[in-house]
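Colleague: I have some questions about this chain. Can we go through them one by one?

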Amino acid sequence: MKASYIFKHIVGTLLFFTIIFISAGRINYWQGMVYVVIGLIMSVMSYTVFRIDPELLNERTKPGEGTKTWDKAILGLSLLLTISMYITAGLDSGRFHWSPGFHWSLYLAGIILTVSGQLLFLVAQKQNKFFSSTVRIQTDRQHTVCQTGLYKVVRHPAYMGSIIQALGFPLLFGSLYSIIPISLLIILFVTRTNLEDKTLKNELMGYPEYAEKTRYRLIPNFW
């Protein structure tokens, strides 16, 4: 694994975890601890079971030229909303308890959705050797369409995973108020999916034919 990618990943992960506990104002915050454990397990799996090849690692560490301007804007907004949902959840369920207590089954559902969504993301990343961190046509890497595995079910399984884990977040943390930034984040995921799909149809050879065979973008038998 490329050391710079691992370092960047670890620092970013620790930063997000720190935001949660600072917002909660305490370390003995069980929702935060569960979320951290899930995140650490998924990080280990991303470097072992779902380890990606060196070429894709280089692409994800530093994407080549051609990233769409609209994607840069969406990624920036997504980062701000992610930080916002961490702060909101920490302040809510960790410090001030604005939301009422949830039934244990809702917390469990949140854990299951979070784990499932993150696993879907890792599997999609593993299966697609052109899984860049930005939207661009990778002509420098002889970009072709991925049509196997999860990509036979929906065209954008990683976004599906991201949405699933986002839906689990307010349940895991027991925070109704975090639904506000999460709803906006999901809107951005759907917007990015739509724009990326249009870009691929217009610019990637073979994608229109693939879209005819795999009809659904995010949700099987729906959209």
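What follows is an exchange on helix packing, salt bridges, surface and backbone.

Modeller: Keep in mind that this is a predicted model.

Colleague: How are α5 and α6 oriented to each other, roughly parallel or roughly antiparallel?

Modeller: Helix α5 covers residues 104–127 and helix α6 covers residues 157–173. Their axes lie 7 Å apart and the packing angle is about 160°. Angles over 145 degrees count as roughly antiparallel. Therefore α5 and α6 are roughly antiparallel.

Colleague: What is the handedness of that crossing, where α5 passes α6?

Modeller: The handedness is a separate matter from the angle. For α5 passing α6, the crossing is left-handed.

Colleague: And α2 with α5, roughly parallel or roughly antiparallel?

Modeller: Helix α2 spans residues 30–47. The axes of α2 and α5 come within 11 Å and cross at roughly 20°. Angles under 35 degrees count as roughly parallel. So α2 is, to α5, roughly parallel.

Colleague: Which hand does the crossing of α2 and α5 have, right or left?

Modeller: Take the same pair of helices again, α2 and α5. Their crossing is right-handed.

Colleague: Staying in α2, is V36 buried or exposed?

Modeller: V36 sits in helix α2. Its relative accessibility is 15%. Buried means under 20%, so V36 counts as buried.

Colleague: How far apart in space are V36 and G94, C-alpha to C-alpha?

Modeller: In sequence, 58 residues separate V36 and G94. In space, C-alpha to C-alpha, the separation is 14 Å.

Colleague: On to charges. How many salt bridges are there?

Modeller: Side chains of opposite charge can pair when their charged atoms come close. The cut-off here is 4 Å between a Lys or Arg side-chain nitrogen and an Asp or Glu carboxyl oxygen. By that rule, the number of salt bridges is 8.

Colleague: Which residue forms a salt bridge with R136?

Modeller: The closest N and O atoms of the pair are 2.7 Å apart. The link joins distant parts of the chain, 77 residues apart: R136 in the loop between α5 and α6, its partner in helix α3 (residues 54–61). Both R136 and this partner are buried. The partner is E59.

Colleague: Where in the chain does the salt-bridge partner of K68 lie?

Modeller: K68 meets E203 in a salt bridge, 3.0 Å from N to O. The two are 135 residues apart, with K68 in the loop between α3 and α4 (69–96). E203 is partly exposed, with a relative accessible area of 42%. The place of E203 is helix α7.

Colleague: Which residues join D197 in a salt-bridge network?

Modeller: D197 forms a salt bridge with K201, at 3.7 Å between the closest N and O atoms. Both lie in helix α7, 4 residues apart, about one turn of the helix. D197 counts as buried at 1% relative accessibility, whereas K201 is partly exposed at 35%. Salt bridges with shared partners put D197 in one network with R155, K201 and R217.

Colleague: What is the distance in space from K198 to P208, C-alpha to C-alpha?

Modeller: K198 is also found in helix α7, and counts as partly exposed at 46% relative accessibility. P208 is 10 residues from K198 in sequence. C-alpha to C-alpha, the distance is 9.5 Å.

Colleague: Now the surface. Which helix gives the most to the nonpolar patch?

Modeller: The patch covers about 800 Å² and is made by F96, W98, L176, Y177, I179, I180, L184 and I187. One of these, I179, counts as partly exposed at 37% relative accessibility. With 4 residues, the largest contribution comes from the helix of residues 179–203, α7.

Colleague: Last, the backbone. What is phi of H97?

Modeller: Most residues other than glycine have a negative phi. H97 has a positive one. It lies in the loop between α4 and α5 and is partly exposed, with a relative accessible area of 47%. Its phi is near 55°.

Colleague: Is N221, which also has a positive phi, buried or exposed?

Modeller: The phi of N221 is about 65°, although N221 is not a glycine. N221 is in the segment after α8 (207–213). Its relative accessibility is 67%. Exposed means over 50%, so N221 counts as exposed.

Key. Residues numbered from 1 in each chain as written. Predicted model: local features only at pLDDT ≥ 70, side-chain atom pairs only at ≥ 80, totals over all residues. Heavy atoms only, no water. Patch = residues over 30% accessible without salt bridge, like charges linked within 9 Å, V, L, I, M, F, W, Y side chains within 5 Å. Areas by Shrake-Rupley, 256 points an atom, 1.4 Å probe, with all protein chains shown as cover. Buried < 20%, exposed > 50% of the residue type's maximum accessible area, 1.4 Å probe, protein only. Axes fitted to C-alpha atoms, helices over the stretch in contact; angles between N-to-C directions. Parallel < 35°, antiparallel > 145°, perpendicular 65-115°, else oblique. Left-handed = near helix turned anticlockwise from the far one by under 90°.
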